[in-house]
Amino acid sequence: MKRIVILISGRGSNMEALIAARDAGKLPVAIAAVISNRPDAQGLKTAARAGIASEALDHKAFAGRAAFDAALAECIDRHAPDLVVLAGFMRILGEDFVRHYEGRLLNIHPSLLPAFPGLHTHQRALDEGVRVHGCTVHFVTPALDHGPIVIQAAVPVLDGDSEETLAARVLAQEHVIYPQAVRWFAEGRLQLIDGRVRVAGAGGGTAALIAPGLD
Ligand code: GRF
């Protein structure tokens, strides 16, 4: 069975979705550890309650990005994961770190990339007046919120949406697509070909979810 390490910084609801999928028998992975760069991350307690080894590595205790990245990689590699899953991990990772995990580092981003990389994606989507928004799971490359796309889910932007209501609609889809993407990885079905992802044995359409939500 493939081993994964999950990196978080806060609430950890995507991590919880992965744990729930594993517990439901829908995600055949061993969750070797959960690591947070913030010692007070709520998700660390959730992980511990689920009986998962959880560790905090406070980035503020390190002189710079390179030192933190190196310590983080050492911490991760002690658990010998096949895949590292960024689930609301709010630190930019340096090029050396990203190259070390090339092809085995996934991220979830709350927008339909390449639209709205970076922060405050929901407010920016509202400000632009887009009618469709969503979330993306992608392999990580050194460029921020960039890299081969595994799966996306789209949701409507409704009249009267606030940042909160839109974020909640997107988050519900994050909890669907992240376990799906990790499952595909665990089943050995994700192929990287010329910088694009091919999902073996799945019709191309299954990597795009159009969420219901319009009354
Ligand atoms: C999610 O919206 C994720 O896409 C983004 O940060 C948020 C983390 O939420 N990168 P959680 O910690 O998984 O609840």
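This is a short chat about a predicted model and how its parts fit together.

Reader: What kind of model is this, and how are residues numbered?
Author: The model is predicted: local features need pLDDT of at least 70, side-chain atom pairs count only at pLDDT 80 or more, and totals for chains, interfaces and linings use all residues. Residues are numbered from 1 along each chain as its sequence is written, and side-chain values use heavy atoms, with hydrogens and water left out.

Reader: OK. Which domains is the protein divided into?
Author: Domain 1 (1-101) and domain 2 (109-138 + 148-215). The bounds come from an automatic or database domain assignment.

Reader: How far apart are their C-alpha centres?
Author: The centres of domain 1 and domain 2 lie 21 Å apart.

Reader: And how many residues are in contact?
Author: 18 residues of domain 1 are in contact with 10 residues of domain 2. Contact means heavy atoms within 4.5 Å.

Reader: Now the sheet. What is the strand order?
Author: The order is 3-2-1-4-5-6-7-10, in an open sheet of eight strands with mixed pairing. Strands (E, at least two residues) and helices (H or I, at least four) are DSSP runs, numbered from the N terminus. Two strands pair if DSSP finds at least two bridges between them.

Reader: Which are the edge strands?
Author: Strand 3 (54-56) and strand 10 (208-210). Each pairs on one side only. From one strand to the next, the twist averages 20°.

Reader: In what sense do strand 5 and strand 6 pair?
Author: Antiparallel, over four bridges. Strand 5 covers residues 105-109 and strand 6 covers residues 132-139. I108 stands opposite V137 in strand 6.

Reader: What about N107 in strand 5, buried or exposed?
Author: N107 is buried, because its relative accessible area is 9%. Buried means under 20% relative accessible area, exposed over 50%, and partly exposed in between, using a 1.4 Å probe and protein chains only. N107 touches L86, T136, V137, H138, V140, D145 and Y178, not counting residues up to four places away in sequence.

Reader: Which strands does helix 2 lie across?
Author: Helix 2 (residues 42-49) lies across strand 1 (2-8), strand 2 (29-36) and strand 3. It runs at about 155° to strand 3. Axes are lines fitted to C-alpha atoms, for helices over the stretch in contact, and angles run from 0 to 180 degrees between N-to-C directions.

Reader: Switching to helix 6. How many residues does it have?
Author: Helix 6 (residues 163-186) has 24 residues. It reaches 34 Å from its first C-alpha to its last, close to the 34 Å expected at 1.5 Å a residue. The expected span is 1.5 Å times one less than the number of residues. G188 follows helix 6, with a positive phi near 70°.

Reader: Which residues touch the most other members in the largest nonpolar core?
Author: I6, V34, V137, V150 and V182, out of 43 residues. Helix 6 gives the most to this core, with nine residues. The core draws at least three residues from each of domain 1 and domain 2. A nonpolar core is a set of buried Ala, Val, Leu, Ile, Met, Phe, Trp, Tyr and Cys residues joined through side-chain atoms within 4.5 Å.

Reader: What does V182 touch?
Author: I4, L18, L27, V29, L83, V85 and L106, leaving out residues up to four places away in sequence. There is also a second, separate core of 21 residues, which includes L72, A73, L93 and V98.

Reader: Any odd backbone spots?
Author: Most residues other than glycine have a negative phi, and most peptide bonds are trans. The peptide bond from L113 to P114 is cis, with omega near 10°. P114 is found in the loop between strand 5 and helix 5 (121-128). F116 has a positive phi of about 55° although it is not a glycine. F116 is found in that loop too.

Reader: Is there one in a hairpin? Where is D194?
Author: D194 is in the loop between strand 8 (190-193) and strand 9 (196-199). The two strands form a hairpin with two residues between them, and D194 in the turn has a positive phi of about 50°.

Reader: So, is F116 buried or exposed? And D194, buried or exposed?
Author: F116 is buried, with a relative accessible area of 15%. D194 counts as exposed, because its relative accessibility is 77%.
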